[in-house]
Amino acid sequence: MTHPPLAAFASDPAFTRGRRFAEPGAPTRNAFQRDRDRIVHSTAFRRLVYKTQVFLNHEGDLFRTRLTHSLEVAQLGRSIARTLGLHEDLVEAIALAHDLGHTPFGHAGQDALHACMREHGGFEHNLQSLRVVDALEERYPAFDGLNLCFETREGILKHCSRAHAEALEALEPGGVAQRFLLGHAPTLEAQLCNLADEIAYNAHDVDDGVRSGLITLEQVATVPLFGRFMADALLAHPTLKGRRLLFESIRLMLSAQVYDVIAATQAAVADAGVGNLTEARQAGRLVRFSDDMLAQSSALKRFLFQNLYRHPRVTDSMDRASRVVTDLFALYVDQPPPPVVRREGDSMQRAVADYIAGMTDRFALSVHREWSGQSLFE
Ligand code: MG
């Protein structure tokens, strides 16, 4: 229950806006710890281990998956939260849950499923993450979903179109989508998870990209944010090379980004004169990089986009993965298998989308192989 001293603008589990279904408190855990524990024990969380981050799960055992990515986001987020006086347990809960709604095969899977659902309300992984914790998990006798606190659910819903926000607000007035209609920011813990997500994937995609051989250390050294820390690493250790040079450069780059976020956020909070959480929500985005770091981080993101995410070997895998999702969708809408359960008010297409989104890469590949009699991957 103990937590380092909280800043005045931090979220406090003692003042949570509560759960959708009232429950008595837990004797030894605060409300955010309890959310974290529910997330860790969920089915969707275990499936993250076999879901693609950038590289398809079968391409190697040593690349990031959605699970290890989520753990790295939680580590970075907690580390920054502790220094800023934000609530670490809330940060951990949001970080571990933020990708629960991802389809198999990363963004290719989501784009394919969205295309299949175009006439039926679309598919968006952020909304799906909320749907997983609100409705799809079946663990508790008295309610669907995990019945998480408002603050955790709000942090999970990081983006939302106006149309989706209006639909969610109609179902839950004054709920987690209201901030999109009011133009308010979420808690600082939620803002931190967004930024920790970016810091984590920029760093681990450089690591996985170089180790996969799709990009070279020399190539990524041309990106200022990485290049300057590689130069620092070589200055301190002139004989360093290969993986140790890669890892040391990434370590220095991660530390610099963490310290930058801490300093820039402390300055933003002080400038805004924010004295409590309500003022913080009205002040807009306060957890941020300095302008210089933001520009450098954006340049690294562009580099990864052009050289890794658009690499022919990655896009070729993604094209095949889209085929798998599109084929399974058509097959299941036509002949729904027993696990496809239509919930009250949902279309058959939505039920199929929920089922496919819940699949791991390897399960989707195996059912597709069984159905088509051919493997799209070696
Ligand atoms: Mg993420």
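This is a short talk on one predicted model, moving from its metal site to a long-range contact, its pockets and a few backbone details.

Hi everyone, and thanks for coming. Let's start with the metal. Which residues coordinate the magnesium ion? There are two histidines, His69 and His98, each through NE2, and two aspartates, Asp99 and Asp197, through OD, with distances from 2.1 to 2.7 Å. Along the chain, the spacing of these donors reads H-x28-H-D-x97-D. The two histidines come from distant parts of the chain: His69 belongs to helix H3, residues 66–84, while His98 sits in the loop between helix H4 (88–97) and helix H5 (106–116), 29 residues apart. Are these two histidines buried or exposed? Both His69 and His98 are buried.

Next, please find helix H10, which covers residues 188–212. This helix has 25 residues and spans 35 Å from its first C-alpha to its last, close to the 36 Å expected at 1.5 Å a residue. Of those 25 residues, 21 are buried, so H10 is largely enclosed by the rest of the structure. Just after H10 comes Gly213, with a positive phi of about 85°.

While we are here, let me point out Ile250, over in helix H13, residues 242–272. With a relative accessibility of 8%, Ile250 counts as buried, because the cut-off for that is under 20%. What does Ile250 touch, once its neighbours within four places in sequence are left aside? Its contacts are Ala203, Val206, Asp207 and Phe226. You can also compare Ile250 with His204: they are 46 residues apart in sequence, yet their C-alpha atoms are 8.4 Å apart in space.

Now for the pockets. The largest pocket holds about 1,100 Å³ of space. It is lined by 41 residues, and the closest to its centre are His107, His125, Tyr201, Lys301 and Tyr309. Which elements give two or more residues to this lining? They are H3, H5, helix H6 (125–136), H10, helix H15 (291–309) and helix H16 (312–334). H10 shows up again here as the biggest contributor, giving seven residues. By class, the lining of the largest pocket has 14 nonpolar, 13 polar and 14 charged residues.

The second largest pocket contains about 860 Å³ of space. Its lining has 25 residues, and those nearest the centre are Arg131, Ala135, Leu168, Leu171 and Asp346. H6 and helix H8 (162–171) are the elements that give two or more residues to this lining. The largest share comes from H6, with six residues. Sorted by class, this lining has seven nonpolar, seven polar and eleven charged residues.

Let me finish with two backbone details. As a reminder, most residues other than glycine have a negative phi. Where, then, does Phe105 lie? Phe105 is in the loop between H4 and H5, and although it is not a glycine, its phi is positive, at about 65°. Phe105 is also buried, with a relative accessible area of 0%. The other case is Asn147, in the loop between H6 and helix H7 (150–156). Asn147 has a positive phi near 50° and is likewise a residue other than glycine. At 5% relative accessibility, Asn147 counts as buried.

That's my tour, and I'm happy to go back to any part of it.

Notes: Residues are numbered from 1 along each chain as its sequence is written. This is a predicted model: local features need pLDDT of at least 70, side-chain atom pairs count only at pLDDT 80 or more; totals for chains, interfaces and linings use all residues. Side-chain values use heavy atoms; hydrogens and water are left out. Donors are N, O and S atoms within 2.8 Å of the metal (3.2 Å for Na, K and Ca); water is not among the atoms, so sites may look incomplete. Helices (H or I, at least four residues) and strands (E, at least two) are DSSP runs, numbered from the N terminus. Buried means under 20% relative accessible area, exposed over 50%, partly exposed in between (1.4 Å probe, protein chains only). The expected span of a helix is 1.5 Å times one less than its number of residues. On a 1 Å grid over the protein atoms alone, a cavity is a set of points where a 1.4 Å probe fits but cannot get out, and a pocket is an open set with protein on both sides within 12 Å along at least five of seven lines; lining residues have an atom within 4 Å of a point. Grid points are joined across faces, edges and corners, and a volume is the space filled by probe spheres set on the points. Ala, Val, Leu, Ile, Met, Phe, Trp, Tyr, Cys and Pro count as nonpolar, Asp, Glu, Lys and Arg as charged, and the others, Gly among them, as polar. Contact means heavy atoms within 4.5 Å.
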